[in-house]
Amino acid sequence: GDGEPPDNCAQFYSALKRRSNPTDMLKGVKFTVLGLGDQNYTKFMHVPRVTYARFEELGATSIYKRGEADEVEGIEDYFEEWKEGLWAPLIAALKEKDSFTAEDIAAQKAANAAVKESAAKKPRTTGGL
């Protein structure tokens, strides 16, 4: 839908947007985002933009620019160009001295657990039928 996440990431997206998440929940996580969409929708790239912003707000570090592949302009061509630019920063991130220390792995596990815990919290409803 227009501005809605795909079904397979709706629960993750909902958990990610919670304002109660700790601001360091994704500390130590390195990421990038590639959105796929159609500019004919009014909320074009809403989910990838919010996801990218929330990752940064929660302490994650972007290793590459957010990509926005548009069906109207040609997703495949955009992706190929975006992907070519991704390799250098991806390799650099993987080669960083501290990329895979025990602390980084622990931070990643803690971030995964926090997202799962946040996703497991169900909103409470009161009253009514």
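Here a biologist questions a modeller about a predicted model.

Biologist: What makes β2 and β4 paired strands?

Modeller: Two strands pair if DSSP finds at least two bridges between them. β2, residues 34-37, and β4, residues 67-70, share four bridges. So they count as paired. The sense is parallel. One bridge joins Leu36 to Ala69 of β4.

Biologist: Which side chains of β2 are buried, and which are not?

Modeller: They alternate along the strand. Gly35 and Gly37 point to one face and are buried. Leu34 and Leu36 point to the other and are not. Buried means under 20% relative accessible area, so the two glycines fall under that cut-off.

Biologist: How many residues of the chain count as buried?

Modeller: Of 129 residues, 30% do. The chain exposes about 8900 Å², with 54% of that supplied by carbon and sulfur atoms.

Biologist: What is the order of helices and strands along the sequence?

Modeller: α-β-β-α-β-β-α-α. That pattern holds four helices and four strands.

Biologist: How do you know where confidence is highest and where it is lowest among these elements?

Modeller: By mean pLDDT. Helix α2, residues 46-57, is highest at 97. Helix α4, residues 102-120, is lowest at 70. Over residues 124-129 the pLDDT is below 50. That stretch has zero contacts beyond near neighbours in sequence. Where pLDDT is low, the predicted coordinates should not be read in detail.

Biologist: What is the mean pLDDT of the chain?

Modeller: The mean is 85, and 82% of residues reach 70 or more.

Methods
Residues are numbered from 1 along each chain as its sequence is written. This is a predicted model: local features need pLDDT of at least 70, side-chain atom pairs count only at pLDDT 80 or more; totals for chains, interfaces and linings use all residues. Side-chain values use heavy atoms; hydrogens and water are left out. Buried means under 20% relative accessible area, exposed over 50%, partly exposed in between (1.4 Å probe, protein chains only). pLDDT is the predictor's confidence in each residue, from 0 to 100. Contact means heavy atoms within 4.5 Å. Accessible areas come from the Shrake-Rupley method with a 1.4 Å probe; for residues, only the protein chains shown count as cover.
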